[in-house]
Amino acid sequence: MNISIVTVGKLKEKYLKQGIEEYLKRLSAYARVEVIEVADEKAPEELSDTEMQQVKQKEGERILAKISQDTYVIALAIQGKLQSSEELADSIDKLATYGKSKIAFIIGGSLGLSDEVMKRSNEKLSFSKMTFPHQLMRLILVEQIYRAFRINRGEPYHK
């Protein structure tokens with residue numbers, strides 16, 4: 001299975017980079033996982049609704065350019081479906097069973113995802129009704145993907 005995590009912006013925090021690298025190393029036994037960073041759009045702190053849409057649109061174009069037509073796309077969004085770790089594991093297992101060997105998880109920038117990215121997504125996944133920094137979300141996501149593979153293989157994991 002080939003899993004891409006397409007995310008907006010560069011990761012600067014060393015402790016997050018180290019955590020993500022550790023889980024990517026562990027995941028290499030189960031799947032090919034790559035993190036693809038696209039540039040975030042520089043914008044002032046105060047934006048009009050129109051300017052916010054323009055920023056999301058530009059970031060969305062960069063995201064969509066990294067996704068092939070045969071990729072199953074899961075957008076991380078607060079309004080997405082909440083799943084337990086076991087449900088996520090089951091979803092990943094079913095995708096593999098039905099020939100979806102390319103999966104992309106999408107993490108938007110600080111303003112969220114464009115309408116075009118949301119339309120391209122096959123499903124929307126929420127980790128919580130809370131808002132998390134998108135940099136931290138990367139670490140949470142790779143840990144949950146790792147946990148999903150452990151669950152699917154019947155290997156022990158922390159409950």
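Is Gln135 buried, partly exposed or exposed? The section on helix 5 takes this up, after the strands and the cores.

## The model and its strands

This is a predicted model. Strand 1 covers residues 2-8, and strand 2 runs over residues 32-38. These two strands pair in the parallel sense, with seven bridges between them. One point on this pairing is Val6, which stands opposite Ile36 in strand 2. Strand 1 also pairs with strand 4, again in the parallel sense, over six bridges. Here Ser4 stands opposite Ala104 in strand 4.

Strand 4, residues 102-107, has a parallel pairing with strand 3 as well, over four bridges. Ala104 in strand 4 is the bridge partner of Val73. Ala104 thus appears in two pairings, opposite Ser4 and as partner of Val73. Both strand 1 and strand 4 are mostly covered: six of the seven residues of strand 1 are buried, and in strand 4 five of six are buried.

## Nonpolar cores

The largest nonpolar core holds 29 residues. Those with the most contacts inside this core are Ile3, Ile5, Ile74, Phe105, Leu141, Ile145 and Phe149. At least two of its residues come from each of strand 1, helix 1 (14-27), strand 3 (72-82), helix 3 (85-97), strand 4 and helix 5 (134-152). Helix 5 gives the most, with eight residues. There is also a second, separate core of 14 residues, with Ala75, Ile106, Leu113 and Val117 among them.

Ile3 gives a closer view of the largest core. Apart from its neighbours within four places in sequence, Ile3 is in contact with Ala31, Arg32, Val33, Glu34, Ile103, Phe105, Ile145 and Phe149. Three of these names, Phe105, Ile145 and Phe149, are also listed with Ile3 among the residues with the most contacts inside the core.

## Val38 at the end of strand 2

Val38 lies in strand 2, whose residues are 32-38. With a relative accessibility of 5%, Val38 counts as buried, because a residue needs to be under 20% for that class. Not counting neighbours within four places in sequence, Val38 is in contact with Val6, Thr7, Val8, Gly9, Arg62, Ile63 and Lys66.

Val6 and Val38 are 32 residues apart along the chain, and their C-alpha atoms are separated by 7.3 Å. Val6 is among the contacts of Val38, while the residue opposite Val6 in the pairing of strands is Ile36.

## His134 and Gln135 in helix 5

His134 and Gln135 follow one another in the chain, and both have their place in helix 5. Gln135 is partly exposed, with a relative accessible area of 21%. His134 has 18% relative accessibility and counts as buried. The two fall into separate classes because the limit for buried is under 20%, with His134 at 18% and Gln135 at 21%.

Leaving out residues up to four places away in sequence, His134 touches Val8, Ile107, Gly108, Gly109 and Ser110. On the same basis, Gln135 is in contact with Leu11, Glu13 and Leu16. What separates the C-alpha atoms of Gln135 and Ala31? The distance is 22 Å, for residues 104 apart along the chain.

## The two largest pockets

The largest pocket contains about 500 Å³ of space. Its lining has 23 residues, and those nearest the centre are Leu76, Ala77, Ile78, Gly112 and Phe132. Strand 3, strand 5 (123-126) and helix 5 are the elements that give two or more residues to this lining. The largest share, four residues, is from strand 3. By class, the lining has 13 nonpolar residues, nine polar and one charged.

The second largest pocket has about 360 Å³ of space. Of the 17 residues in its lining, Asp40, Glu41, Glu59, Ser110 and His134 lie nearest the centre. Helix 2 (49-64) and helix 5 each supply at least two of the lining residues. This lining divides into six nonpolar, five polar and six charged residues. His134 and Ser110, both nearest the centre of this pocket, also touch each other.

Notes:
Residues are numbered from 1 along each chain as its sequence is written. This is a predicted model: local features need pLDDT of at least 70, side-chain atom pairs count only at pLDDT 80 or more; totals for chains, interfaces and linings use all residues. Side-chain values use heavy atoms; hydrogens and water are left out. A nonpolar core is a set of buried Ala, Val, Leu, Ile, Met, Phe, Trp, Tyr and Cys residues joined through side-chain atoms within 4.5 Å. Buried means under 20% relative accessible area, exposed over 50%, partly exposed in between (1.4 Å probe, protein chains only). Contact means heavy atoms within 4.5 Å. On a 1 Å grid over the protein atoms alone, a cavity is a set of points where a 1.4 Å probe fits but cannot get out, and a pocket is an open set with protein on both sides within 12 Å along at least five of seven lines; lining residues have an atom within 4 Å of a point. Grid points are joined across faces, edges and corners, and a volume is the space filled by probe spheres set on the points. Ala, Val, Leu, Ile, Met, Phe, Trp, Tyr, Cys and Pro count as nonpolar, Asp, Glu, Lys and Arg as charged, and the others, Gly among them, as polar. Two strands pair if DSSP finds at least two bridges between them.
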